[in-house]
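Work through these short exercises with the model open beside you. Try each task before you read its solution.

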Amino acid sequence: YKERYGTPNIPIETGEDGQQCQLLRRLHVQQKLQPDEVELLENLGFMFHLSLEDLYWDADFDTMFRRLEQQQSVDDPELEA
């Protein structure tokens, strides 16, 4: 997910993977993750406390836009300008 979208923070709506991210956040709040697990996830860019402001400032809109353009050209080559 991180390689494709540039972030390890998977939206809950994406199904099982999003639910697993939510579970990691809950375990972190409950202090049930080991310090090395927290460090590993943080080093990957995982955000334990998400707010809209965090998402906005963490977002790399240029990269996301380029990936969207690439995906559209793969899905429908006629969309290319």
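**Exercise 1. The fold**
Which pattern does the chain follow, read along the sequence?

*Solution.* Note that the model is predicted. Step one: count the elements. The chain has five helices and zero strands. Step two: put them in order. Along the sequence, the pattern reads α-α-α-α-α. Step three: look at the contacts with a separation of 6 or more. Of these, 33% join residues 24 or more positions apart.

**Exercise 2. Inside and outside**
Find how much of the chain is buried, then name the residues of the largest nonpolar core.

*Solution.* Step one: take burial, with a cut-off of under 20% relative accessible area. By that rule, 16% of the 81 residues count as buried. Step two: list the core. Its seven residues are Ile10, Cys21, Leu33, Val38, Leu41, Phe46 and Phe48. Nonpolar side chains tend to be buried together in soluble globular proteins. Step three: pick one core member, Ile10. Beyond its neighbours within four places in sequence, Ile10 contacts Tyr1, Asp17, Gly18 and Cys21. Step four: turn to the surface. The chain exposes about 6,800 Å², with 52% of that area from carbon and sulfur atoms.

**Exercise 3. A pocket**
Which helix gives the most to the lining of the second largest pocket?

*Solution.* Step one: list the lining. It holds Arg4, Tyr5, Met64, Arg67, Leu68, Gln70 and Gln71. Step two: assign helices. Both α1 (2-5) and α5 (61-75) supply at least two residues. The most come from α5, with five. Step three: sort by class. The lining has three nonpolar, two polar and two charged residues. Step four: add the volume. The pocket holds about 240 Å³ of space.

Note on methods: Residues numbered from 1 in each chain as written. Predicted model: local features only at pLDDT ≥ 70, side-chain atom pairs only at ≥ 80, totals over all residues. Heavy atoms only, no water. 1 Å grid on protein atoms, 1.4 Å probe; cavity = no way out; pocket = protein on both sides within 12 Å on 5 of 7 lines; lining within 4 Å. Points joined across faces, edges and corners; volume = space filled by probe spheres on them. Helix = DSSP H or I, 4+ residues; strand = E, 2+ residues; numbered from the N terminus. Nonpolar A, V, L, I, M, F, W, Y, C, P; charged D, E, K, R; others polar. Core = buried A, V, L, I, M, F, W, Y, C linked by side-chain atoms within 4.5 Å. Buried < 20%, exposed > 50% of the residue type's maximum accessible area, 1.4 Å probe, protein only. Contact = heavy atoms within 4.5 Å. Areas by Shrake-Rupley, 256 points an atom, 1.4 Å probe, with all protein chains shown as cover.
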